[in-house]
Amino acid sequence: MRWWDECRFRFARLLKRREAEADLEDEIRSHIEIEVQQNIDSGMRPEEAQWAARLKFGNVTLAHEDSRAQWGWLWVERLWQDLRCAARMFAKSPGFTATAVISLGLGMGATTAAFSLLNVMFFRPLPYPGPDRLVEVLERELGKPEPDSLTGVSMPTYRDWKAQSRSFESLAQVWDGIPFVLNQRDRSVEVLGGFVTPEYFPMLGARACRGRLLAPEDYLPGRKTAVVLSHASWQRLFGLNPSVVGTSLRLEGKPHEVVGVMCPEFPTFWGEKVDLWIALNWQVENRALRNLSVIGRMKPGTSIRAVQAEMDVIASRLAKQYPQQEGFGVRVQPLRTYLYGDYQKRFLAFFAAMVLVLLIASTNVANLLLARGAGREKEMAVRASLGAGRPRLMRQLLTESALLSCLGMALGLLVAHAGVRLGVRFSPEGANVATGGVSLDWRVLGFAALLAFLTGWLFGWFPALRVSRPNLNESLKEAGRRPVAGHGFWRTQTVLVIAQTAFSLVLLAGAGLMIHNVWRQLRVTVGCNTERVLQIYTQLTRSEYMEKAGKLNRMTPKAGLTIQAIEARIKAIPGVIGVGLGGSGALGGCYSRPISAGGPLVSRDRAQRSCYDPVSPAYFGMLDIPVLKGRVFSESDSKQSSPVAVINESFAKRYFPREDPVGKTVDVGLWDDTDVERREIVGVVGDVRQRPWAAAAPALYYPYSQLPPEFRFGISYEHLMVTFVVRTATDPARMAPVVGRVLREVAPDILVSWNVTMNDIRWWSTEQPRFYGWVLAIFAATALVLVAVGVFGVTSYTVSQRTHEIGIRMALGAHPLHVLRLILRNGVPQILIGLAIGLGGTLALARFLEARFADLRLEEVKPTDPGTLAVVCLLVAVVAALASLIPARRAARTDPMAALRCA
Amino acid sequence: MPPRSNDAGRIELLQGPLDMLVLRTLLFGPMHGQAIANSIEHTSDDALRIDHGSLYPALQRLQMRGWIAARWGTSENNRRAKYYRLTAEGKRQLHAETSKWERLTAAVVRIMRPAQKETS
C-alpha cells in the first residue's frame, strides 16, 4: 500500500512538476515571511529580521533541491539538463563534433557491418524450419585429423544409413554446384544446378510457386528426369513464361522435364546462383565413390551427440560388412558448418580488423575530448564551487560522451547498412555467404546498442576522470589566462597517441601484407605463356562420336578424324598461330585419378590422386611449357603404339623423388573402378600453376590419340568433351567468334560451352584475394586518416593551449624554427614509440596468425615480410609527421603581440 | 546532527530522528513548517539546532509515505501557509518508532554507564 502511495505521489509530482515546484517555492517563501514577521514583532529592525530569518532557514536553494530530490525524478531532470547542455556545446563547435562523430561512425559502422556478417554465420538461425535440427552427415577417414579426413558420401552408404538409422526424420543426398550446359533453341547457356533426392525439398521447407517439387515418383526408372527451376532462372532463361511447367529441357543434350518452379524466397545453399534441381535418379554401387553430400533432419528431442553415437555404431557395422568401408567412420555436424565452415575463420579475422578501426577511432575521440577538457577547466571549477561533487561532474561529462556515442552510432548504422549491401554485391562469394540475406536484425541492433554503450565508456571514461578534478584555486584565479595543463594531462594524451599509432600500424600492416600478396600473385609465373591464348570448351554431342565399350563409352575413330579436321581448320584461320588440345585446360581445374608409380595400383582409396589430362602434341610447344627431360608427344604416339605419358615437375617430385622418371611406368586407375592403365613416362615438363597462389598440382599428360575408355558421371556421358587451346596473334577475344564459326562448320552439332582467354582465367582466380585486399585497403586508409586527424587535433590543441607561452618565447627572441622544434619535440617521440609497439604487435600477431590462418594464402608473402612492414611504418610515420607539422608551422608563425594579448 | 537527505530512501524505518521529531510535534495538532521548526528547537531547549530548510525534504518524505497530510491555510498573522497534520497511519508509525527509539537509547545508556562508573 505504501509503495503504491509513494508511486502516486511521485508520479503526480512529475506530471505537474512546475505546479509542485511553484507550490514548494510559495511554501518556503511564506515560511521565511512568517519568521521575519515574528522577528519584527519581537523587536528586531526589518533588515535584521530578514537577515536572521534567512540565517535560521539555511540554504534556500539546497532545501528546494533536496525536497525535489525526494520526489525521485531528479536523475531524469539532471539527465535532460546535461543532454541539452551537451547538445548546445556540440552545436557550437561543429568541427570537433563532426570529427568525433565521423570517426565514431566509421569505427562503429565497420564493426557493426562485420558483426552482421558474423551474425549470419554464427548466430542467426538458418532460414529453414527447425534449423537447429538440420545436420550434415559425412564419411570420415579414421586415423586422419579433421578436417582433412572428411569426405563425401557414396550412394550405397547413404542408402544403408537411411535404412538403418532411427535418429533422423529424413535424410537427403545432394550433389550440388554442378555446371551444366542448357541447350536452348538458339544458344547454349551454362547453368548451375544440383542433384537431389526427394527428401531434400520437404526437409528445407521449400515450396513450389508453379507446378510442383520433386516427388518420389520422379525417381522411378524409365521416366524423363524431372527438373525444378529456381525463380531466378525462370526469369533469366525463360522470361517468366507461364507455361514452362511440363516443357522439355535439353541439358547437355539429354531431355528433361520441367515439373515446377521454386518460389523466390527460398534461400538456396549456394547463393542465388542455383538455377535448377534435378532428380538424382540413378544408382551407383561403388562405395569408393564418395562424392555426394548428405543432409538430414534429426528427430525432435535428439542431440547431435546421440545421433553421432548411433551413426558410429552403424558405420562400424558397415565397415565390417563391406571391405570398401573399412577404415571409414561418420561425422555428424550442424548444417551451419556445411554452409559457412570455410568462411568462419576468415570473417573472424575481418571482425578483428574492424574492431581495431573502432579502437583507433575511440582513442581519437578520447584524445579530442581530453584536449577539449583542458579548455574547460574554468567551467568545471565554477560548477564545483557551486556545489557539484565529483560524481556529478563526471556524470555530466559521461552524458556528453554518451551523446557523442549515440550520434556516432546513428551514423554507424547507416554506414553498416550501406557497407554490407555493397560488400555482398561486389564480393565474389557474397551470394554464398548471404543465404537468406544479410539484414540488421535484432541481434545486430542489440550489438550496435551495446557497442555504442561500451565505446562511449571506452573513450569517455578517462577524459571524464581527468577533467572532473579541477584545481579550484588555480582555475578561478586569473580570469582569461589559460593555464598550461599539468604533466598528468600530457601523459594521458601521449599514451593515447601512442595507442592510436600502434593500432593503425597493425591494421595497415595486415592490409599491406594482403595487398602485397595479391600483387605478387598477379605477377607469379604461371609456367606457361598465357598471353593471347583462347580456351574453348566444347562437347561433341552426336552419338556417332562415342561408342559403347562394355560399361563405358569410347571415342570413335570418326571422332578422332573430326577433331583433327577442326584443328587443321582452326590453324588455317589467319591470325592463329597454333592450336592444341588440352583436356581440362591449363589454369582450370583438372580431372584427377588415383595413380601409383613403381608398382601396381593396389588400393584406389589409398593411392595418391593426380591430374590426368589428355593433350595434343602441339600443346606444350604452343604454350611455351618447357621440356625438362625426355620428349613430348608426337604424331607417332597413336592408338596403336604403346601408351605413353608426360609428367610435370611436381609429379616427378611426388612419385619419383630420387630417380629419373623417364622410362618408368605408372598405373592409372580408370573411371570404371576396375580397369587400370599402364603408361610409360617419356618426358618431364615444367609445372603450370592452376591457381596462382598454390603450388602446381602434379599432373600426368597423355596423348589425345590414346584416350582411354571414359566414364562420365552424371548426364553428359554421351558427349565427348574436347578443349581447344588456340594461340592468336592479336586479341583472342575477337578471334573467338571466328573460331566458333569454323567449329560449327566442321561439326554442326558441336556445343561450345565456354570460351575464355587464359588471361581472364588468371584474373578471375585472383578475384577473391583482390576483393579482400581492396576492403582491407579501404579500412587501412580509414585508419590512416583517423590517425592523421587524431595527431592533427592533438597538436592543434597543444598549440592553442600554449599560445601564451609561445608568445612569450618569441617575444624573448625565440626563432620560429625553435618554436617548431618545441612543438614537434612533444609529438615525435610519441609517434616513434607507437610505431615500435605497433611493429612488435604485428610480429607477435603474425606468428599467431601464421599458425591459425594458413589457408589464407600467404604462401607467397611471409607475414613478417620486412619490405612491407618497412613501407607501412614509413607511411604511418610520414602521415603522422605531416599531421603534426601543419599546426606546428602555424605556431611558428604566431605573432607574439597577438598571442600575448589574446591569451 | 539531523540527517541531510540526498535522495529518497526506500527504507521502511524513519530516517533518523528528524522525521520522528516532526511526527511528534504534529501530535498536538496541525502546524505549518515554520511553526514545526521553531517548536522542535524550543521543546528541546535549543539543544537541537537545525537549519529550518532541512525540514522541507523531511516533510516531502513524510507526505510521500502518507504519514502526514498537507493543506493550504492562513496563519496567525494572516499569511498563507501550508499546514501539516498527522494521519492515522502516521500516528501508528510514531508509536511504533517511539518504543523502538526508547529501547535503543536505553541500550546505549546501559553501555555508556559502566564507562562513566570507571571515570568517576
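I take buried to mean under 20% relative accessible area. The model I consulted is predicted.

**Entry 1. Aromatic pair Tyr619(A) and Tyr701(A)**

I looked up Tyr619(A) and found a relative accessibility of 3%, so Tyr619(A) counts as buried. I then looked up Tyr701(A), which counts as buried at 7% relative accessibility. Over all chains I counted 17 aromatic pairs. One of them joins these two tyrosines: the ring centres are 6.4 Å apart and the planes stand at 45°, so I recorded the pair as tilted. I placed Tyr619(A) in helix α19 (residues 618-622) of chain A and Tyr701(A) in strand β22 (residues 699-703) of chain A; the pair therefore ties together parts that are 82 residues apart in sequence.

**Entry 2. Other ring contacts**

I followed ring pairs in chain A and obtained a cluster that comprises Phe115(A), Phe122(A), Phe123(A), Phe351(A) and Phe447(A). In chain B, I noted the charged end of Arg80(B) over the ring of Trp72(B), at 4.1 Å from the ring centre.

**Entry 3. Cysteines**

How many disulfides are there over all chains? My count came to 1. The disulfide is formed by Cys209(A) and Cys263(A), whose sulfur atoms are 1.9 Å apart. I read a torsion of about 100° about the S-S bond of Cys209(A) and Cys263(A), so I entered the disulfide as right-handed. Cys209(A) lies in strand β5 (residues 208-211) of chain A, and Cys263(A) in the loop between β8 (254-262) and β9 (276-279) of chain A, so the pair ties together parts that are 54 residues apart in sequence. I checked accessibility for both partners: Cys209(A) is partly exposed at 44%, whereas Cys263(A) is buried at 4%. I also looked up Cys528(A), which is buried at 11% relative accessibility, and Cys873(A), which is buried at 13%.

**Entry 4. Helix α22 of chain A**

Which residues of helix α22 (residues 758-765) of chain A are buried? I listed Met758(A), Ile761(A), Arg762(A) and Ser765(A). Viewed down the axis of α22(A), these buried residues fall within an arc of 100°, so I noted that they line one face of the helix.

**Entry 5. Positive phi values**

Most residues other than glycine have a negative phi. I therefore entered the positive values found at residues other than glycine. Leu240(A) has a positive phi, near 55°. I located Leu240(A) in the loop between α9 (231-238) and β7 (248-251) of chain A, and at 37% relative accessibility Leu240(A) is partly exposed. For Arg532(A), which is not a glycine, I read a positive phi of about 55°. Arg532(A) belongs to the loop between α17 (487-523) and β12 (533-540) of chain A. With a relative accessible area of 38%, Arg532(A) is partly exposed.

**Entry 6. Strand β7 of chain A**

I examined the two faces of β7(A). Leu249(A) and Leu251(A) make up the covered face, while Ser248(A) and Arg250(A) make up the uncovered one. In what sense do β7(A) and β8(A) pair, parallel or antiparallel? I found the antiparallel sense, over 4 bridges. I also traced the bridge partner of Leu249(A), a residue of the covered face, and found His256(A) in β8(A).

Notes: Residues numbered from 1 in each chain as written. Chains lettered and ligands numbered in written order. Predicted model: local features only at pLDDT ≥ 70, side-chain atom pairs only at ≥ 80, totals over all residues. Heavy atoms only, no water. Phe/Tyr/Trp six-rings, centres within 6.5 Å; stacked < 30°, edge-to-face > 60°. Buried < 20%, exposed > 50% of the residue type's maximum accessible area, 1.4 Å probe, protein only. Lys NZ or Arg CZ within 6 Å of the ring centre and 35° of its normal. Disulfide = S-S within 2.5 Å. Arc of directions from axis to C-beta. Pairing = 2+ DSSP bridges.
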